[in-house]
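Please open the structure in your viewer and keep the selection panel at hand. The tour below goes from stop to stop, saying at each one what to select and what is there.

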Amino acid sequence: MQIEDMNWLMTCYNDLSDSIKKHNNSHAILISGEAGIGRKILAQKFAENYLNITQDITDDLINNEIKEPQHPDFKFIKPEDGKKNISIDQIRPTKAFLQLTSHQGIGKVAIICPAESMTYEAMNSLLKILEEPSNDTLIILITESIKKLPQTIVSRSQIQNLRNPSLKESIKWLNKYDEKPWKDILITFGNRPIIIEKLGFEYFDSRIKQVNEDIDLLVLKKSKPSQIANTWKSEELDIYLSILYKLISNLINQNLLNIKESMPTSFKNIPQSDIHIEQCFQYLNEIATMRQYLINGKVLNWGLQISNLLVPIYSDMKGLIKNG
């Protein structure tokens, strides 16, 4: 993966690469942007610039995951296998690592991703490092949202907000790896080409087809909400909810804008005049709320939650159409 092929990252890269090479930058850089747009690749390029590495560290990038690099002045910190958080026991050694003399006499770099996964104690430990940074050291923090980090850390960092690529940029980049009809997938899951390429066209296409079939089964009462909910794997719930959100949006667009988009056969058979727009928008809010709970790690009985969410579709589209 070459950063030069990612136009959406190049503005940030070009703005900082020279100053980083000269060590004329903040001791901490905070890269903020959605997962799946190349944040790690950008961070590693900055590490290469800082340490004057001519051979790409990104050679260690396999399936969008950074392996532990062999370079002695580079450290990558992420949640340990099977855990969601970065602990203080991972941050404490980082201070010692940064204080040690550089093996190559250039500097030392630590990348922390995702930064918001640090525990409260880990963040406090990092803050102490940022308050008294060692010379020729660079800490790169990667986050999905600056709001998820304490202001004390944000204020000591050089902030770089990354934009998502456009639909056109995403399709162009994905087609370099596999020419497929990516448009519907990108519209459904957002312009996050790195993660979409990682999982592959067939993965997303099969999930979209599954949800379409599941909705048809619900409308035709060939399956109950609880049965469908049990087939939606917990680790893929965000995928399924994203698809459901897009399909309901398509139903609204069909009514308001007369746009014919991909949707289940059962939805296509609903007369436009019967669609209850306000209730459909409310249903979108319920799906979005469910996704937010999921993203925030809220502990819920997800089987029951998804089952309840699907009830209106099963109950003659109750509320979503005017005679439902």
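**First stop: a pocket**

Bear in mind that the model is predicted, and begin with the second largest pocket, which holds about 320 Å³ of space. To find it, select D184, I185, T188, I208 and S262, which are the residues nearest the centre of this pocket among the 16 that line it. Next, colour α7 (183–189), α9 (201–219) and α11 (237–256), since these are the elements that give two or more residues to the lining of the second largest pocket. Which element gives the largest share of this lining? The largest share comes from α9, which supplies five residues. If you then colour the lining of the second largest pocket by class, you will find seven nonpolar, four polar and five charged residues.

**Second stop: an enclosed space**

Now leave the pocket and turn to the one cavity of 30 Å³ or more that the structure holds. The volume of the largest cavity is about 40 Å³, and you can outline this space by selecting H27, L98, I129, L130, P133, S134, T137 and I139, which line it. If you show the cartoon as well, look for α4 (120–131) and β6 (137–143), each of which supplies at least two residues of the lining of the largest cavity. By class, the lining of this cavity has five nonpolar residues and three polar ones, with no charged residue.

**Third stop: K224**

Select K224 next, and follow the chain on either side of this residue to see that K224 sits in the loop between α9 and α10 (225–231). Is K224 buried, partly exposed or exposed? K224 counts as partly exposed because its relative accessibility is 48%, a value that falls between the cut-offs of 20% and 50%. When neighbours within four places in sequence are left aside, K224 is in contact with L218 and Y314, so both are worth displaying as sticks. You may also draw a distance from the C-alpha atom of K224 to that of Y245, which lies 21 residues away along the chain, and the separation is 19 Å.

**Last stop: the whole protein**

Finally, clear the selections and zoom out until the whole protein is in view, with its 14 helices and seven strands. Along its principal axes, the C-alpha trace spans about 75 × 40 × 30 Å. Of the 324 residues in the protein, 48% are buried. With the surface switched on, you are looking at about 16,300 Å² that the protein exposes, of which carbon and sulfur atoms supply 47%.

Technical notes
Residues are numbered from 1 along each chain as its sequence is written. This is a predicted model: local features need pLDDT of at least 70, side-chain atom pairs count only at pLDDT 80 or more; totals for chains, interfaces and linings use all residues. Side-chain values use heavy atoms; hydrogens and water are left out. On a 1 Å grid over the protein atoms alone, a cavity is a set of points where a 1.4 Å probe fits but cannot get out, and a pocket is an open set with protein on both sides within 12 Å along at least five of seven lines; lining residues have an atom within 4 Å of a point. Grid points are joined across faces, edges and corners, and a volume is the space filled by probe spheres set on the points. Helices (H or I, at least four residues) and strands (E, at least two) are DSSP runs, numbered from the N terminus. Ala, Val, Leu, Ile, Met, Phe, Trp, Tyr, Cys and Pro count as nonpolar, Asp, Glu, Lys and Arg as charged, and the others, Gly among them, as polar. Buried means under 20% relative accessible area, exposed over 50%, partly exposed in between (1.4 Å probe, protein chains only). Accessible areas come from the Shrake-Rupley method with a 1.4 Å probe; for residues, only the protein chains shown count as cover. Contact means heavy atoms within 4.5 Å.
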